[in-house]
Amino acid sequence: MFKLFRLLRPYQASVAAIIILMLLQSLAQLYLPTLLSDIVDTGVVKGDVGYILRFGAYMLLVAMGGMACVMVASYLLSRTATGFGRDLRRKLFTHVESFSLNEFDKIGTSSIITRTTNDISQVQQVIVMMRMFIGAPTMLIGGVIMATYKDAHLALVLIAVIPILALVIAVIMRTGMPLFKALQVKIDGINLVLREHLTGIRVIRAFNRSEHEKKKFETANQEFTQTAIRVNSIMVTMMPLMMLIFNLGMVVILWYGGIRIDNNHMEIGDLMAFIQYAMQIMFSMFMMTMIFMMIPRATASAARINEVLAIESTIHDASSPAKLQGKETRVEFRDVTFSYPGAEQPALHNISFTAEPGEVTAIIGGTGSGKTTLMNLLLRFYDADSGEIALNGTGIRALSLESLRGRIGYVPQKAVLFSGSVSSNLRFGNEEASEEEMIHAAGTAQAREFIEEMKEGYASPLAQGGTNLSGGQKQRLSIARALARKPSIYVFDDSFSALDFKTDAKLRAALKAETEQATMLIVAQRVSTIMDANKIVVLDEGRIAGIGTHSELMRTCDVYKEIVASQLSEEESA
Ligand SMILES: Nc1ncnc2c1ncn2[C@@H]1O[C@H](COP(=O)(O)OP(=O)(O)OP(=O)(O)O)[C@@H](O)[C@H]1O
């Protein structure tokens with residue numbers, strides 16, 4: 001956790017002020033009982049009203065001074081804690097941003113969300129508790145010193161009680177610690193079920209699995225509740241136990257204090273002050289218990305945050321990135337092999353082919369043959385295990401990620417849109433795109449008609465994930481978004497699947513005119529959509545089964561012939 005506290009550096013001045021203010025407040029607190037004993041022993045016993053008034057006013061002043069210190073310290077503390085939370089969230093978010101898909105696969109999206117929200121709040125709570133960190137030990141040590149100063153014999157009772165209380169706290173904390181860690185993991189569990197439930201709500205309802213999902217949530221929720229109850233039951237036994245020990249100590253103090261007053265070894269005012277010091281000591285021990293309750297949970301949270309921060313992305317920018325010349329880009333796969341982490345078989349074996357500018361290179365193959373993986377490697381979502389991918393002869397690892405991805409207009413298999421307006425989505429990859437360029441891109445993607453029919457046209461709001469659009473509309477918007485970028489490489493990962501034949505044909509014709517100089521990589525399931533491609537790469541279980549034009553492959557590639565036979569009538573395939 002201390003590692004994370006390095007983020008407090010910008011708040012050094014505030015932290016120093018908080019420490020000083022809290023020390024002053026503790027001193028004021030410790031001074032008050034002594035003043036009280038003076039008033040009782042000198043003013044009340046001797047009937048000196050002037051003394052009582054003077055010292056009473058002084059006491060009030062000290063108490064108000066202490067209060068002012070707490071108020072300013074609390075204000076500074078809330079500012080520091082919220083600032084710390086904001087900075088840590090920013091740091092974590094920026095770090096996660098740099099992750100390749102490998103790292104996301106490793107930690108899991110739901111867990112990253114819990115860590116960025118709940119776990120950070122736990123650590124933030126510790127900063128809020130900083131007031132107690134300073135106040136509690138000062139009051140404890142100061143209280144013992146002052147009580148001993150008032151009556152060293154009576155202080156022996158306190159010195160006997162404190163270790164017993166400390167032992168009780170230690171035993172209970174030891175039992176609670178593993179449960180605090182478990183608690184955060186259970187929150188992860190709830191988030192996981194919740195996330196899956198919300199994103200898959202349509203499928204769940206269509207398959208009448210609501211009850212099953214409810215049970216899954218119920219289980220995760222119950223597990224969390226049970227752990228929380230166990231944590232709380234440990235904590236609730238602690239308070240009464242501490243009170244019992246303390247009250248027994250108090251009885252002994254009163255009994256023994258009475259004897260000492262009877263024997264004229266002690267004054268009544270001193271006993272009153274002593275009792276107040278004993279209460280302050282007790283209060284500071286309560287505060288320390290609260291701190292000890294918070295710390296294990298926050299430590300568990302800090303470890304989870306540090307775990308994410310410690311993960312180095314496997315994909316970095318080159319230290320001195322090469323610059324690509326020219327707008328046109330030739331894409332070359334050179335003997336590329338790749339396995340997903342933990343997978344037994346490589347998803348791609350020894351892939352070599354070239355996609356030329358001004359040409360359409362289609363990738364076809366059965367499901368799971370590695371088509372999307374190929375595109376993931378080109379975009380450097382993952383890095384190849386061996387071999388390399390080159391743009392105009394330069395390996396993509398030698399380029400900066402920004403310059404690599406800046407050249408690519410990517411249309412994913414599943415259209416992903418963001419909450420905002422139609423235009424903010426279209427300008428997602430090119431904020432500088434003018435109104436005309438945006439409308440032109442929408443026109444090429446055959447999206448103009450439906451956008452203009454929308455109530456507010458390009459300013460129409462889109463729900464999160466574009467849920468207020470049809471599948472085909474989403475696909476067209478995501479195509480228009482790539483076009484608005486005017487990239488030199490287009491990657492269409494099975495991006496026409498939700499379009500009807502008429503729209504598909506119109507879109508392709510418009511695309512052809514628009515992307516004459518570009519390198520087009522089109523992943524397709526339907527042969528009919530790529531028959532005219534300049535080059536077709538046939539994938540079969542991660543290996544290249546053939547490369548060529550449609551007619552060449554019909555002569556030479558059995559896998560391709562099989563695919564064609566399963567999809568087209570003989571007449572069409574000729
Ligand atoms: N994130 C991942 N982790 C582990 N294995 C994966 C991952 N993504 C894909 N795979 C595996 O890699 C192989 C190739 O998957 P890929 O998505 O590239 O196929 P595809 O040809 O695009 O299939 P489809 O046409 O169904 O989209 C499959 O066997 C798949 O199970």
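**Exercise 1. Find the order of strands in the six-stranded open sheet, and say how they pair.**

Step 1. Six strands build an open sheet with mixed pairing, in the order S6-S9-S10-S3-S11-S12. Strands here are DSSP runs (E, at least two residues), helices are DSSP runs (H or I, at least four), and both are numbered from the N terminus. Two strands count as paired if DSSP finds at least two bridges between them.

Step 2. Look at the edges. Strand S6 (408-411) and S12 each have a single partner strand, so one side of each is left without a neighbour in the sheet.

Step 3. Add the twist. On average, neighbouring strands of this sheet are turned by 15 degrees against each other, direction ignored.

Before going on, note the ground rules. This is a predicted model: local features need pLDDT of at least 70, side-chain atom pairs count only at pLDDT 80 or more, and totals for chains, interfaces and linings use all residues. Residues are numbered from 1 along each chain as its sequence is written.

**Exercise 2. Work out which residues stand opposite each other around strand S11.**

Step 1. Start with S12. Strand S11 (residues 535-540) and strand S12 (residues 543-548) pair in the antiparallel sense over five bridges. Ile536 faces Gly548 in S12. Asp540 faces Arg543 in S12.

Step 2. Inspect the turn. S11 and S12 form a hairpin with two residues between them. Glu541 in that turn has a positive phi of about 45 degrees.

Step 3. Turn to S3. Strand S3 (residues 360-365) pairs with S11 in the parallel sense, over five bridges. Ile363 has Val537 in S11 as its bridge partner.

**Exercise 3. Name the edge strands of the four-stranded open sheet.**

Step 1. Set out the order. The four strands run S2-S1-S4-S5, with antiparallel pairing.

Step 2. Read off the edges. Strand S2 (348-355) and strand S5 (394-395) each pair on one side only.

Step 3. Check one pair. Strand S1 (residues 331-338) and S2 are antiparallel over five bridges. Glu332 has Thr354 in S2 as its bridge partner.

**Exercise 4. Describe how H1 packs with H2, and how H1 crosses H9.**

Step 1. Choose the quantities. Two packed helices are described by the angle between their axes and the distance between the axes. Axes are lines fitted to C-alpha atoms, for helices over the stretch in contact, and angles run from 0 to 180 degrees between N-to-C directions.

Step 2. Take H2. Helix H1 (residues 12-46) and helix H2 (residues 49-97) pack at about 160 degrees, their axes 8 Å apart. That makes H1 roughly antiparallel to H2. The term applies to angles over 145 degrees (under 35 is roughly parallel, 65 to 115 roughly perpendicular, the rest oblique).

Step 3. Give the hand. The crossing of H1 and H2 is left-handed. A crossing is left-handed if the near helix is turned anticlockwise from the far one by less than a right angle, and right-handed if clockwise.

Step 4. Take H9. The axes of H1 and helix H9 (residues 268-310) come within 7 Å and cross at roughly 160 degrees. H1 and H9 are therefore roughly antiparallel to each other. Their crossing is right-handed.

**Exercise 5. Compare the UniProt domain range with the helix content of the model.**

Step 1. Read the record. An unreviewed UniProt entry lists residues 16-297 as "domain: ABC transmembrane type-1". UniProt positions follow the numbering used here, feature names are shortened, and annotations may be inferred rather than shown by experiment.

Step 2. Read the model. Residues 16-297 are 94% helix and 0% strand, with end C-alpha atoms 26 Å apart.

Step 3. Go to the "transmembrane region" features. UniProt (unreviewed entry) places them at several spans, including 52-77 and 277-295. Residues 52-77 are 100% helix and 0% strand, and their end C-alpha atoms lie 37 Å apart. Residues 277-295 are 100% helix and 0% strand, with 26 Å between the end C-alpha atoms.
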